[in-house]
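Q: I have a two-chain model open and would like to learn how to read its contacts and charge pairs. Could you walk me through it?

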There are 2 protein chains.
Amino acid sequence: MDQPPKSIPTIEQVARAAGVARSTVSRAFSRPGMLSAETVAHIMAVAGRLGYAPNQVARALSTGRYGNIALIVPDVANPFFPPLIRAAEARADAAGLCVFLGDSDEDPAQEERLTGKMAAQVDGFVLASSRLAEDAVRALRGRRPVVLVNRDIDGLDRVLIDSAPGTAAAVRHLHELGHRRIAYVGGPPFSWSNQQRRTAVLQTAGELAIEAVEVAAERPSYEGGMAAAPAVLSARTTAAIAFDDLVAQGLMAGLAGLGVEVPAAFSVIGCDDVLGARTYPPLTTISARSTDAGRAAIEMLLAQIEAGPSSGTAQRLGTELIVRATTAAPGPSP
Amino acid sequence: MDQPPKSIPTIEQVARAAGVARSTVSRAFSRPGMLSAETVAHIMAVAGRLGYAPNQVARALSTGRYGNIALIVPDVANPFFPPLIRAAEARADAAGLCVFLGDSDEDPAQEERLTGKMAAQVDGFVLASSRLAEDAVRALRGRRPVVLVNRDIDGLDRVLIDSAPGTAAAVRHLHELGHRRIAYVGGPPFSWSNQQRRTAVLQTAGELAIEAVEVAAERPSYEGGMAAAPAVLSARTTAAIAFDDLVAQGLMAGLAGLGVEVPAAFSVIGCDDVLGARTYPPLTTISARSTDAGRAAIEMLLAQIEAGPSSGTAQRLGTELIVRATTAAPGPSP
DNA sequence: TTGAAAGCGGTACCAG
DNA sequence: CTGGTACCGCTTTCAA
């Protein structure tokens, strides 16, 4: 009983229904200013009634502009990315672009496959936390406009979430509370973000003349944070700044399992603010601005698509400390 | 010093250089079996020398097959969706398709805009928890293959995560623990998922002859759950099943704020298992299988793209209870 | 086995 | 301001 899917309306059908030429309909959509207001209104009404939308593929064929962009992330399920994706999507949509999403599964080869497949139908790429080798990125940007997020390659447009200010504020906050020996529970050693945070902790601690020790979380995950709890304690610290919120959350769980109360006996600070105030107690953390990053990346890409290859600008997004309830003055030593 | 991008070769140039017709070149690439071996070899050689590759967009315009699909979700940042998106992406990618991601922002109008924009460049749609009116969905499926996730429209292909078994198991679990009066903290009244969970709670409670009261969370969020805590307590229940993990998490926070310990004084069960074991204590919950749902949806869509419109199959995914640490025998009444 | 030509759905130039 | 028409690059009958 199924109707054969009635084909989607074309510009021709709209033109006929509206009693105008195809070119007029085309103009109503791309350059309405060229037409009289009534004509536009009439055409739009007819188009709306028919459920017409310009066919991007046909348009692309004739203009060489695709109206699509690609967004590649290493792992959609990592809570850092969804807000970024959402913001990028929204901004691109506002500019009339459709978004291809690619998940590289943290794998450079996969990322390269994806970019290759998509390059033929997009006007540009946003690569978030790209795992690609530097020359692969450069090669891609030779074909299409590219914007990087949290990856620092000279000569390319990029938006960098600079966690240094927030991290420094976190160390100061701990210092003011009275902590004199703190831990940094680190993430992936070669990650740009990790290096940045680590450096900020060490440097600020140095300036304040307090001790900072580094404890590695074998993986930047809840489990990794949990497993780091004993090491953090045995390092005789009274507070820890974690690579990200997940690690912080795991650390809190590990601490709780060891009978150490947060924040009474130990203070914890996360990073990225992906958990909101949803932990108990609510986690003090460093803002990540992934939403801003997503939007900014699209804006840079749009500019590049408009104006041609840019000389490669780095846009830095500041961060700050969000004090909630996992930090307090150091308690009696455990 | 940038070379002006040397325009990429077209089929026409290859044809001329090879001294054959365009159609012959076309066949060399799409149906080489139709040509003599020498012709093919010759054309391929010339094409190789010129660096020619068929233009996908032009090909799509003439064949009507795009090699793309669209996936629309109400909110990328809702933790239920990323695993689904990830799985769908992976499955589609394995089939050689690129995925457009759309975020409807919970808004039917926006969802309609997105589908309209994408319809002209995709071979089909997956609508997850679609907010579209039923006839809008039907209209869309009139134009393109469509698969629904967690939306039950007769005659359409759909994959439904059936939380009834898991929910029933949750009620039984509570009953075995000794609870005799429990609460269901509900979600959006018209949501298919909510109705299903609510029904399962009420029915199973009836079968076991225990009392179940419904408490509405004004919003299916952490805050909503938190705000429901007083109501849950004043209903004199000793345990609650929440619409989803976020609500459960909020409820736990609300309870903690009221000085009620979980699970000693009150038991809590979530739904969807989006938090893993990452709450403290780890949340007992009902599995959601969103990963399976994402993969299954793509598979149904592929089948539909291959074989033409289906008669509309519902694929149901079972669920089960995951017992962690937020449930225990009822404590002394608060 | 190969060539010629008619689209696919738009855009943009050229008249009027 | 609007209509007519030649493309965009490729696929696909239809003939030869």
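A: Sure. Let's begin with the rule for charge pairs: a salt bridge is a side-chain nitrogen of Lys or Arg within 4 Å of a carboxyl oxygen of Asp or Glu. Keep in mind that this is a predicted model.

Q: How many salt bridges does that rule find across the interface of chain B and chain A?
A: In general, side chains of opposite charge can pair when their charged atoms come close. Here the rule gives 10 salt bridges across the interface of chain B and chain A. One to look up is B:Arg86 with A:Asp103, where the closest N and O atoms are 3.0 Å apart. There are also 23 residue pairs in polar contact between the two chains.

Q: Which elements of chain B supply the side that touches chain A?
A: Those giving two or more residues are helices H4 (56-63), H5 (81-94), H6 (108-119), H7 (134-143) and H11 (245-257), plus strand E2 (98-103), of chain B. H6(B) has the largest share, with 7 residues. Sorted by class, this side of chain B has 25 nonpolar, 12 polar and 12 charged residues.

Q: What area is buried between chain B and chain A?
A: The size of an interface is often given as the accessible area lost when the parts come together. For chain B and chain A that is about 4,200 Å², with 58% from carbon and sulfur atoms. The contact takes 49 residues from chain B and 50 residues from chain A.

Q: Is B:Gln249 buried or exposed?
A: The cut-off for buried is under 20% relative accessible area. B:Gln249 has 9%, so the residue is buried. Find B:Gln249 in helix H11 of chain B. Leaving out residues up to four places away in sequence, B:Gln249 touches A:Arg278, B:Tyr222, B:Leu275 and B:Thr279.

Q: What about salt bridges over all chains: what is the count?
A: The count comes to 36. Take A:Glu214 and A:Arg198, whose side chains meet at 2.7 Å, N to O. A:Glu214 lies in strand E7 of chain A and A:Arg198 in helix H9 of chain A, so this pair ties together parts 16 residues apart in sequence.

Q: Which pair links parts 51 residues apart?
A: Look at A:Arg324 and A:Asp273, which form a salt bridge at 2.5 Å, N to O. A:Arg324 sits in the segment after strand E12 (321-322) of chain A, and A:Asp273 in the loop between strands E9 (267-269) and E10 (285-286) of chain A. A:Arg324 is partly exposed at 24% relative accessibility, and A:Asp273 is partly exposed at 27%.

How values were computed. Residues numbered from 1 in each chain as written. Chains lettered and ligands numbered in written order. Predicted model: local features only at pLDDT ≥ 70, side-chain atom pairs only at ≥ 80, totals over all residues. Heavy atoms only, no water. Contact = heavy atoms within 4.5 Å. Buried area = accessible area lost by both parts, 1.4 Å probe. Polar contact = N/O pair within 3.5 Å; in protein donor to acceptor, adjacent residues only side chain to side chain. Helix = DSSP H or I, 4+ residues; strand = E, 2+ residues; numbered from the N terminus. Nonpolar A, V, L, I, M, F, W, Y, C, P; charged D, E, K, R; others polar. Buried < 20%, exposed > 50% of the residue type's maximum accessible area, 1.4 Å probe, protein only.
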